[in-house]
Amino acid sequence: MDRRIDGDLEHGSLSVLVVDDDDLQRQFLARLLARAGIGPLFWATNGRSALEAFREGQAIDVVVCDLLMPEMDGIEFLKQVSDEGFTPSIVISSGADEDTQREMESVARTHGLRVLGFIPKPVSVDALLTVLARHGSQGEDTPAEPEAESEADPARRTP
């Protein structure tokens, strides 16, 4: 794990690990989450670093994961997380083609991970909050479809 971001967040609401090798994208996602009052927040630059966060005992509810990263890509990361017994909910955030996105979703589900959805890059705050709101629902997994124009769930926002 590279860094924990605390800021003015309400602790314990929803812990999120952002895994993306692109500095700007990772910082952008962290800012969106922080402004929405979601936290604690963690970030990692690749799957290997993200896996260390789990091994160190960080309580992580949701992973927002890119697909194409150095050292360990998103697909291998999801396999390893599952193989080591961790069960976070997964949000796939990628600019990859649809076939690659479906492969990542299939791998996650095959390994027993709950896929909350897919968010195409560039990520919008409404799409991100809508997908994260699914974490609290007890229903079936939802299909990983783009959420570009979805309405955010106001219950997820912290004053």
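## A tour of the charged side chains

Start by selecting Glu105 and Arg109: their side chains meet in a salt bridge, 2.8 Å from N to O. A salt bridge here is a side-chain nitrogen of Lys or Arg within 4 Å of a carboxyl oxygen of Asp or Glu. Glu105 and Arg109 sit four residues apart in helix α4, so about one helical turn separates them. Helices (H or I, at least four residues) and strands (E, at least two) are DSSP runs, numbered from the N terminus. Glu105 counts as buried at 13% relative accessibility, while Arg109 is partly exposed at 28%. Buried means under 20% relative accessible area, exposed over 50%, and partly exposed in between (1.4 Å probe, protein chains only).

Before you move on, a word on what you have open. This is a predicted model, in which local features need pLDDT of at least 70 and side-chain atom pairs count only at pLDDT 80 or more, while totals for chains, interfaces and linings use all residues. Residues are numbered from 1 along each chain as its sequence is written, and side-chain values use heavy atoms, with hydrogens and water left out.

Stay on helix α4 (residues 98-110) and pick Glu98 and Arg102, which are four residues apart, about one turn of the helix. Their side chains also form a salt bridge, at 3.6 Å from N to O. Glu98 is exposed, with a relative accessible area of 54%, and Arg102 is partly exposed at 46%.

Now jump to Asp20 and Lys121, whose side chains meet in a salt bridge at 2.7 Å, N to O. Asp20 lies in the loop between β2 (16-19) and α1 (23-35) and Lys121 in the loop between β6 (115-120) and α5 (125-133), so the pair ties together parts that are 101 residues apart in sequence. Asp20 is buried, with just 1% relative accessible area; Lys121 is partly exposed at 27%. Add Asp66 to the selection and you have a network of salt bridges linking Asp20, Asp66 and Lys121. The full count for the model is nine salt bridges.

Last stop: which residues form a negative surface patch? Select Asp73, Glu76, Asp83 and Glu103. Patches are made of residues with over 30% relative accessible area and no salt bridge, with like charges joined within 9 Å. Within this group, Asp73 is in the loop between β4 (62-65) and α3 (74-83), and at 31% relative accessibility Asp73 counts as partly exposed.

Note on methods
Patch = residues over 30% accessible without salt bridge, like charges linked within 9 Å, V, L, I, M, F, W, Y side chains within 5 Å. Areas by Shrake-Rupley, 256 points an atom, 1.4 Å probe, with all protein chains shown as cover. Lys, Arg positive; Asp, Glu negative; His and termini not counted. Charge placed at Lys NZ, Arg CZ, Asp CG, Glu CD.
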